[in-house]
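Here is a short set of exercises to work through with the model open beside you. Try each task yourself before reading its solution.

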Amino acid sequence: MTTPIEPAVLDDDTLLAHFERCELPTTQFKHREHLRVAWILLSRHPLLYAMQRFRRGLKAYAVHNKVPGLYNETITCFYLLLIRERMDAMQGKHGWQDFEWCNSDLFGYPKSFLAPYYPSELAFSAQAKQVFLFPESV
């Protein structure tokens with residue numbers, strides 16, 4: 001019998017490895033964990049490389065869990081860019097807990113958070129799932 005994985009108690013290296021091997025159960029890989037994996041990659045790599053790696057991993061995770069239609073290019077890229085911007089605004093080295101504490105607005109319900117940027121649920125449209133759409137207001 002396998003021990004359930006609890007992402008909140010995993011160190012960054014272990015969480016990233018579980019994500020990239022598609023070992024996190026969908027019940028344990030929610031919005032907060034998406035943000036944390038994105039933060040880990042962005043804290044270690046240049047923006048474009050981190051984005052490519054996260055996007056590739058998230059697409060593989062969706063396929064592995066037989067829900068490839070859930071992947072959304074617009075939401076993924078928007079959050080990655082926003083996380084990078086927030087990390088840069090924090091100036092200096094900081095850990096995940098500091099980032100989470102200083103950016104609590106990112107951890108709310110994504111539809112509500114995205115509404116000011118993507119009115120009429122544009123971020124959840126079929127087109128937004130396929131290609132990155134710029135937000136209407138920044």
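## Exercise 1: A residue in a loop

Setting aside residues up to four places away in sequence, Asn72 touches Ala123, Phe124, Ala128 and Lys129, where contact means heavy atoms within 4.5 Å. Before going on, please note that this is a predicted model, in which local features need pLDDT of at least 70 and side-chain atom pairs count only at pLDDT 80 or more, while totals for chains, interfaces and linings use all residues. Residues are numbered from 1 along each chain as its sequence is written, and side-chain values use heavy atoms, with hydrogens and water left out.

Task: find where Asn72 lies, and decide whether Asn72 counts as buried or exposed.

Solution.
- Step 1. Locate the residue: Asn72 sits in the loop between helix 3 and helix 4. Helices here are DSSP runs (H or I, at least four residues; strands are E, at least two), numbered from the N terminus.
- Step 2. Check the accessibility: Asn72 has 7% relative accessibility, so Asn72 counts as buried. The classes are buried under 20% relative accessible area, exposed over 50%, and partly exposed in between (1.4 Å probe, protein chains only).
- Step 3. Look at the side chain: it reaches the backbone nitrogen of Thr74 at 3.0 Å.

## Exercise 2: Two helix crossings

Task: work out how helix 1 and helix 2 are oriented, then do the same for helix 2 and helix 4.

Solution.
- Step 1. Take the pair of helix 1 and helix 2: they pack at an angle of about 110°, and their axes are 10 Å apart. Axes are lines fitted to C-alpha atoms, for helices over the stretch in contact, and angles run from 0 to 180 degrees between N-to-C directions.
- Step 2. Classify this angle: helix 1 is therefore roughly perpendicular to helix 2. The classes are roughly parallel under 35 degrees, roughly antiparallel over 145, roughly perpendicular from 65 to 115, and oblique for the rest.
- Step 3. Add the handedness: helix 1 and helix 2 cross in a left-handed way. A crossing is left-handed if the near helix is turned anticlockwise from the far one by less than a right angle, and right-handed if clockwise.
- Step 4. List the contact: helix 1 contributes Asp12, Asp13, Leu15, Leu16 and Phe19, and helix 2 contributes Arg36, Val37, Trp39, Ile40, Leu41 and Arg44.
- Step 5. Turn to the second pair: helix 2 and helix 4 pack at about 60°, with axes 10 Å apart. Helix 2 and helix 4 are therefore oblique to each other.
- Step 6. Finish with handedness and contact: helix 2 passes helix 4 in a right-handed crossing. His31, Leu35, Ala38, Trp39, Leu42 and Ser43 of helix 2 meet Tyr79, Leu80, Ile83, Arg84 and Met87 of helix 4.

## Exercise 3: A tryptophan in helix 2

Task: describe the surroundings of Trp39.

Solution.
- Step 1. Place the residue: Trp39 lies in helix 2.
- Step 2. Read its accessibility: at 4%, Trp39 counts as buried.
- Step 3. Collect its contacts: leaving aside neighbours within four places in sequence, Trp39 is in contact with Asp12, Ile83, Met87, His94, Gly95, Trp96 and Phe99.
- Step 4. Compare sequence and space for one partner: Trp39 and Trp96 are 57 residues apart along the chain, and their C-alpha atoms are separated by 7.4 Å.
- Step 5. Widen the view: the buried residues of helix 2 pack against helix 1, helix 3, helix 4 and helix 5 (96-102).

## Exercise 4: Helix 3 and what follows

Task: compare the span of helix 3 with the expected value, and examine Lys66.

Solution.
- Step 1. Take the span: helix 3 (residues 47-64) has 18 residues and reaches 25 Å from its first C-alpha to its last, close to the 26 Å expected. The expected span is 1.5 Å times one less than the number of residues.
- Step 2. Find the buried positions: Ala50, Met51, Arg53, Phe54, Gly57, Leu58, Tyr61 and Ala62. The buried residues of helix 3 pack against helix 1 (12-20), helix 2 (31-44) and helix 4 (73-89).
- Step 3. Move on to Lys66: this residue has a positive phi of about 60° although it is not a glycine. Lys66 lies in the loop between helix 3 and helix 4, and at 72% relative accessibility Lys66 counts as exposed.

Notes:
Polar contact = N/O pair within 3.5 Å; in protein donor to acceptor, adjacent residues only side chain to side chain.
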